[in-house]
Amino acid sequence: MSLTVIEINDAALQARDTGGAVTTSPGFALLLQDGEVTLGAEAEAQHRLYPTSSYDKFWHELNMEPLPIPGRIRHHADLAYSQLVALAEDAGIDGRVIFAIPGHFSNEQLGLLLGIAGQCHFQVIGMIDAALAAAVGEAPVGSVVHVGLHLHQVLLTRVLPRDGELVVDAVIQVPQAGRQQLLDALMQTANDAFIRQCRFNPLHEAASEQQLYSLLADWAEGRAGDQQNLAMELKANAMTHTAKLPCDQLLAALQKPFRALLGSLEPLLERPGTGILLDHRLARWPGAFTALAEVVQLRTARPEVVAETCLRFRELITAGDGVRRIRALPLSDSAPEHPRPKPAATPTHVLFRNRALPVDDLPLVNKSNGSAGSVLALDIPGPTATLGRIVLRQSQVLLDCGESEVRLNDAPVTGTHPLKLGDRIRFTAASDELLLIEVSDGART
């Protein structure tokens, strides 16, 4: 069965398979009143035209908060699902997938991500912090801080050598220096140039604002060629407005977010000999390498390194029961042929309808009765209001269904039963399924 690595980075989701084929899609969505959703680069090319219908934070703020437009796309999770489906179609993914995830994702977001992926036509078999995979793949010496560019933040991840492994030690979010914040700084400088030279304000019209945004994105990410002076031409109201801007003025506009990034880096560099690993997305931005070169041992990660590491360590990443978040990998030159076994893991959450609920003490009720807290409300034909509960007792997760008959892994049971990762619970043959999963921030041991 095929294996694909999907790196979840909203600056550009990336799918790469074992043959090296790459498919990318930036984290943009355009949702209009007719319910149609446009995704990726096509949505980015229009998102300044329709600001109230455009979304670019559904990965950054992955949640189930309702969106203001009614329809089949209800919340950020639905947009994320739609993009995963589209990415899988474009990349031809129908087999197994390893997710390389951003280090700031919470347990709840990871549970939601697994629930979303569970509705796609592929099977997620592992998860790993993308910064860790990049650091291991670039063969670091000593501690390393990975600097990753996302749409609305730069993510700083410090990884340290410990007992023959490289381990995620700290993650810091820098919201002032994300891709969109860098572009906003460039747009303000370019807009000022148009006002001075043409008496034209591009930001007052959606069409010219989108043109300016696309032009500057192309320049910043190396798609406009090597230009010492950027010639900008915008069309608005049957007129063409032209302005020229020296590149050094555009570089000056980026100094404030780069200084914020350097300030956030400082506390992570206290350990002697710590190096910087710059991801390829930020490395291609003009001035980024020079600004961060004030720090010693600056290196740039290759675009393919995350997928390479995931494929190289696939056995370690996918070993054990269930899908675990990997935050440590061996520092050896090659992955061991026989990875050491992992201890049996205890489920931490119940996945139900794309929502992960903790198992500490989870009542199971038939339809919602307005109960507060973590209550799993099902809709089962019949008068029974209470269906049982899932509890954590002395490090063991138990299903207590009393005299009610429950289908555990398709076998009818009653009373109290221990639960393990991957167990499936139904109350009737046709009812929705509950899945026992683990969402853990801990490093692999």
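In this predicted model, helix H4 meets helix H11 through Ala-130, Ala-133, Ala-134, Val-136 and Gly-137 on the H4 side, with Val-305, Val-306, Thr-309, Cys-310 and Arg-312 supplying the H11 side. By class, that contact splits into seven nonpolar residues, two polar and one charged. The two axes sit 8 Å apart and the helices, H4 at residues 130-137 and H11 at residues 305-312, pack at an angle of about 85 degrees. The pair is therefore roughly perpendicular.

H4 itself is largely enclosed by the rest of the structure, because seven of its eight residues are buried. The buried set runs through Ala-130, Ala-131, Leu-132, Ala-133, Ala-134, Ala-135 and Val-136. Just past this stretch there is a backbone detail to pick up: Ala-139, which follows H4, has a positive phi near 50 degrees.

Positive phi values turn up again in the loop between strands S12 and S13. Most residues other than glycine have a negative phi, so two neighbours here catch the eye. Asn-237 has a phi near 55 degrees, and its place is in the loop between S12 (229-236) and S13 (239-246). Ala-238, in that loop too, has a phi of about 65 degrees, again positive without being a glycine. As for accessibility, Asn-237 counts as exposed because its relative accessibility is 61%, above the 50% cut-off. Ala-238 is exposed as well, with a relative accessible area of 89%.

Two other helix pairs were looked at. Helix H5 (residues 179-198) and helix H6 (residues 206-220) have axes that come within 10 Å and cross at roughly 115 degrees, with H5 passing H6 in a right-handed crossing. From H5, the contact draws on Arg-179, Gln-180, Leu-183, Leu-186, Met-187, Ala-190, Asn-191 and Phe-194; from H6, it takes in Glu-209, Leu-212, Tyr-213, Leu-216, Ala-217, Trp-219 and Ala-220. Sorted by class, these come to 11 nonpolar, two polar and two charged residues.

The other pair is H2 (residues 76-91) with H3 (residues 107-117), whose axes also come within 10 Å but cross at roughly 50 degrees. That angle makes H2 oblique to H3. H2 passes H3 in a right-handed crossing. Here Ala-77, Ala-80, Tyr-81 and Leu-84 from H2 meet Leu-112, Leu-113 and Ile-116 from H3. The contact is made up of seven nonpolar residues, with no polar and no charged ones.

What about the nonpolar cores? In soluble globular proteins, nonpolar side chains tend to be buried together. In this model the largest nonpolar core holds 51 residues, and the members touching the most others are Val-147, Leu-186, Leu-216, Met-232, Leu-282 and Trp-285. Leu-186 and Leu-216 have already appeared in the contact of H5 with H6. Leu-282, setting aside residues up to four places away in sequence, touches Val-147, Leu-149, Leu-182, Phe-258, Leu-261, Ala-288 and Leu-292. A second, separate core has 41 residues, including Leu-31, Tyr-55, Phe-58 and Ala-77. Of these, Ala-77 is also one of the H2 residues that meet H3.

Helix H9 (residues 280-283) contains Arg-281, and His-280 has its place there too. Is Arg-281 buried or exposed? Arg-281 is buried, with a relative accessible area of 5%. His-280 is likewise buried, at 17%. Leaving aside neighbours within four places in sequence, Arg-281 contacts Glu-7, Asn-9, Ala-11, Ala-12 and Leu-149. With the corresponding neighbours left out, the contacts of His-280 are Thr-300, Ala-301, Arg-302 and Pro-303. Arg-302 also figures in a spacing for Arg-281: the C-alpha atoms of Arg-281 and Arg-302 are separated by 9.6 Å, with the two residues 21 apart along the chain.

Zooming out, the protein chain has 12 helices and 28 strands. Of its 445 residues, 53% count as buried. Among contacts with a separation of 6 or more, 59% come from residues 24 or more positions apart.

Terms used: Residues are numbered from 1 along each chain as its sequence is written. This is a predicted model: local features need pLDDT of at least 70, side-chain atom pairs count only at pLDDT 80 or more; totals for chains, interfaces and linings use all residues. Side-chain values use heavy atoms; hydrogens and water are left out. A nonpolar core is a set of buried Ala, Val, Leu, Ile, Met, Phe, Trp, Tyr and Cys residues joined through side-chain atoms within 4.5 Å. Buried means under 20% relative accessible area, exposed over 50%, partly exposed in between (1.4 Å probe, protein chains only). Contact means heavy atoms within 4.5 Å. Axes are lines fitted to C-alpha atoms, for helices over the stretch in contact, and angles run from 0 to 180 degrees between N-to-C directions. Helices (H or I, at least four residues) and strands (E, at least two) are DSSP runs, numbered from the N terminus. Angles under 35 degrees count as roughly parallel, over 145 as roughly antiparallel, 65 to 115 as roughly perpendicular and the rest as oblique. A crossing is left-handed if the near helix is turned anticlockwise from the far one by less than a right angle, and right-handed if clockwise. Ala, Val, Leu, Ile, Met, Phe, Trp, Tyr, Cys and Pro count as nonpolar, Asp, Glu, Lys and Arg as charged, and the others, Gly among them, as polar.
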